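Please work through the exercises below with the sequence and the structure at hand. Each task is followed by a solution in steps.

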Amino acid sequence: MPRTRKDEAPILVDDPAVEGRYVELGDTTVSFETFRQDADPAPLFRGLPDDRCPSHHWGTVLSGRLVFRYADHDETYSAGDAYVAGPGHLPLVTAGTEVVEFSPTEELRATMAVLAANMSAMTTATAEPVR
């Protein structure tokens, strides 16, 4: 049976706001994410349906607080909570939040491609010299 552990998962996202470790186990991706700063990553979701995450996620908050903002309501989770997030959410996290999350690999892969492109565009825009 496929398995993983946080200390075995490769770090694929490592920036000042978040460390993300991801492992594909069949058609499910396990994510170990640690948020170092308060983060509102809404701008990274631009270009996805309704500019929101279209993926499903099942997870547990190990520490901190996680909010999923839907068009018509918010859902707030704290350390010890297990959650199910449907499509159409935007995450909001506080510094010190750590989660373990399970997502359909293909859904997550498509979503992460858009986030990576948006992050790259933002980095390029802020790196251009001022004239």
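The exercises treat the nonpolar cores and then the salt bridges.

The model is predicted, so local features need pLDDT of at least 70 and side-chain atom pairs count only at pLDDT 80 or more, whereas totals for chains, interfaces and linings use all residues. Residues are numbered from 1 along each chain as its sequence is written, and side-chain values use heavy atoms, with hydrogens and water left out.

**Exercise 1.** Identify the residues of the largest nonpolar core and the strands that supply at least two of them.

*Solution.* Step 1: apply the definition. A nonpolar core is a set of buried Ala, Val, Leu, Ile, Met, Phe, Trp, Tyr and Cys residues joined through side-chain atoms within 4.5 Å. Buried means under 20% relative accessible area, exposed over 50%, and partly exposed in between (1.4 Å probe, protein chains only).

Step 2: list the members. The largest core has 12 residues: Val 18, Phe 35, Ala 39, Val 61, Leu 66, Phe 68, Tyr 70, Tyr 77, Tyr 83, Ala 85, Val 93 and Val 99.

Step 3: assign the strands (DSSP runs of E, at least two residues, numbered from the N terminus). Strand S5 (65-69) and strand S7 (82-85) each supply at least two residues of this core.

Step 4: look for a further core. A second, separate core of seven residues includes Ala 42, Leu 48, Leu 90 and Leu 115.

**Exercise 2.** Determine which residues Leu 66 contacts beyond its neighbours within four places in sequence.

*Solution.* Contact means heavy atoms within 4.5 Å. With those neighbours set aside, the partners of Leu 66 are Val 61, Glu 75, Thr 76, Tyr 77, Tyr 83, Pro 91, Leu 92, Val 93 and Val 99.

**Exercise 3.** Describe the salt bridges of Asp 14 and Asp 40, including the exposure of Asp 40 and Arg 69.

*Solution.* Step 1: count. With a salt bridge defined as a side-chain nitrogen of Lys or Arg within 4 Å of a carboxyl oxygen of Asp or Glu, there are nine.

Step 2: take Asp 14. Its closest N and O atoms with Arg 36 are 2.9 Å apart. Asp 14 lies in strand S1 (residues 11-14) and Arg 36 in the loop between strand S3 (28-35) and strand S4 (57-63), so the pair ties together parts 22 residues apart in sequence.

Step 3: take Asp 40. This side chain meets Arg 69 at 2.7 Å, N to O. Asp 40 is in the loop between S3 and S4 and Arg 69 in strand S5, 29 residues apart. Asp 40 is partly exposed at 43%, whereas Arg 69 is buried at 18%.

Step 4: trace shared partners. Asp 14, Glu 19, Arg 21 and Arg 36 are joined into one network.

Conventions
Helices (H or I, at least four residues) and strands (E, at least two) are DSSP runs, numbered from the N terminus.
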